[in-house]
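Welcome, and please load the model in your viewer with a cartoon for the backbone and sticks ready for side chains. We will go from one selection to the next and look at what is there.

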Amino acid sequence: MFPSLDTLVLANNHLNAIEEPDDSLARLFPNLRSISLHKSGLQSWEDIDKLNSFPKLEEVRLLGIPLLQPYSTEERRKLVIARLPSVSKLNGSVVTDDEREDSERFFIRYYVAVPQEEVPFRYHELITKYGKLEPLAEVDLRPQSSAKVQVHFNDQVEEMSIRLDQTVAELKKQLKSLVQLPPSSMLLYHFDHEAPFGPEEMKYSSRALHSFGIRDGDKIYVESKTK
């Protein structure tokens with residue numbers, strides 16, 4: 001019925017479902033390249049899957065539909081991309097090859113713990129492509145804020161916790177009462193207990209301690225400049 005229709009805009013309407021059978025959609029819209037369902041009433045993933053019935057569909061707009069409201073921004077885009085393998089542009093943004101692979105892998109991990117009878121058919125297609133993927137481990141990438149170190153001065157060894165956001169000059173002030181030296185007379189050295197090389201002199205007073213890679217178990221050596 002619409003052999004030459006290239007673009008179909010169904011935005012801002014009360015379309016709640018796509019009820020046409022898949023074969024009818026392919027027959028009625030053989031050359032549909034772009035469809036906008038922005039702020040329509042779609043509420044089911046089955047309706048999104050039906051978009052795959054349009055044989056030449058490349059571009060889809062799906063912002064503001066009830067189905068996607070419970071999901072995060074990342075989940076919305078990745079789950080839609082993974083369900084629409086032929087779409088190259090979503091909501092005005094190009095879908096790159098890397099983004100598609102990332103989204104399809106995300107899709108597998110998203111449904112990996114869901115009961116088999118509830119997973120979408122697309123999940124099984126992607127398992128065939130990538131294999132079964134385990135959930136990504138949660139890694140805390142925030143920098144360590146403090147460390148427990150050993151402070152060595154002459155024959156004295158003290159364990160103490162130091163803040164890693166402070167500077168070398170501030171650390172010297174912290175050590176003043178422990179080693180009984182004025183900060184201007186101190187030489188500090190950091191020894192990484194896992195590194196293959198020797199201590200590193202902590203030369204620059206304004207340098208932050210975290211930039212030395214100080215970790216729990218490391219050593220700080222204090223020497224007097226008058227030695």
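Start by selecting residues 154-224, the range that the unreviewed UniProt entry annotates as "domain: Ubiquitin-like"; UniProt positions are given here in the numbering of this tour, feature names are shortened, and such annotations may be inferred rather than shown by experiment. Before going further, note that this is a predicted model, in which local features need pLDDT of at least 70 and side-chain atom pairs count only at pLDDT 80 or more, while totals for chains, interfaces and linings use all residues. Residues are numbered from 1 along each chain as its sequence is written, and side-chain values use heavy atoms, with hydrogens and water left out.

**Stop 1: the annotated range and its sheet**

Within residues 154-224 the chain is 17% helix and 31% strand. Helices (H or I, at least four residues) and strands (E, at least two) are DSSP runs, numbered from the N terminus. Put a distance label on the end C-alpha atoms of this range and you should read 9 Å.

Now colour the strands of the open, five-stranded sheet, whose order is β7-β6-β10-β8-β9 with mixed pairing. Two strands count as paired if DSSP finds at least two bridges between them. At the edges are β7 (156-163) and β9 (200-201), each pairing on one side only.

**Stop 2: the β6-β7 hairpin**

Zoom in on β6 (residues 146-153), which pairs with β7 in the antiparallel sense over eight bridges. Strands of a sheet pair through backbone hydrogen bonds, so showing those is a good way to follow the pairing. Which residue of β7 stands opposite Q150? It is E159. Likewise, S146 stands opposite R163 in β7. The two strands form a hairpin with two residues between them, and N154 in the turn has a positive phi of about 55°.

**Stop 3: S185**

Select S185 in the loop between α6 (168-179) and β8 (186-191). Is S185 buried or exposed? With a relative accessible area of 19%, S185 is buried; buried means under 20% relative accessible area, exposed over 50%, and partly exposed in between, using a 1.4 Å probe and protein chains only. Leaving aside neighbours within four places in sequence, S185 is in contact (heavy atoms within 4.5 Å) with E223, S224 and K225.

**Stop 4: salt bridges**

Switch to charged side chains: the structure holds 15 salt bridges, each one a side-chain nitrogen of Lys or Arg within 4 Å of a carboxyl oxygen of Asp or Glu.

Begin with R33 and E59, whose closest N and O atoms are 3.6 Å apart. This pair links distant parts of the chain, 26 residues apart: R33 is in the loop between α1 (22-28) and β2 (34-36), and E59 is in strand β3 (residues 59-61). R33 is partly exposed at 28% relative accessibility, whereas E59 is buried at 12%.

Next, select helix α3 (residues 73-83), where E74 and K78 sit four residues apart and so are separated by about one helical turn. They form a salt bridge with closest N and O atoms 2.9 Å apart. E74 is partly exposed at 43% relative accessibility, and K78 is buried at 14%. While E74 is selected, add F106: the two are 32 residues apart in sequence and 10.0 Å apart in space, C-alpha to C-alpha.

Stay with α3 for R77, which forms a salt bridge with E99, the closest N and O atoms being 2.6 Å apart. This is another link between distant parts of the chain, since E99 is in helix α4 (residues 97-111) and R77 in α3, 22 residues apart. Both partners are partly exposed, E99 with a relative accessible area of 22% and R77 with 21%. Then pick R100, E104, R122, E125 and K129, which salt bridges with shared partners join into one network.

**Stop 5: where α4 meets α5**

For the last view, show α4 together with helix α5 (residues 121-130): their axes come within 10 Å and cross at roughly 115°. Axes here are lines fitted to C-alpha atoms, for helices over the stretch in contact, and angles run from 0 to 180 degrees between N-to-C directions. The contact is made by E101, E104, R105, F107, I108 and Y111 of α4 and by R122, Y123, L126, I127, K129 and Y130 of α5.
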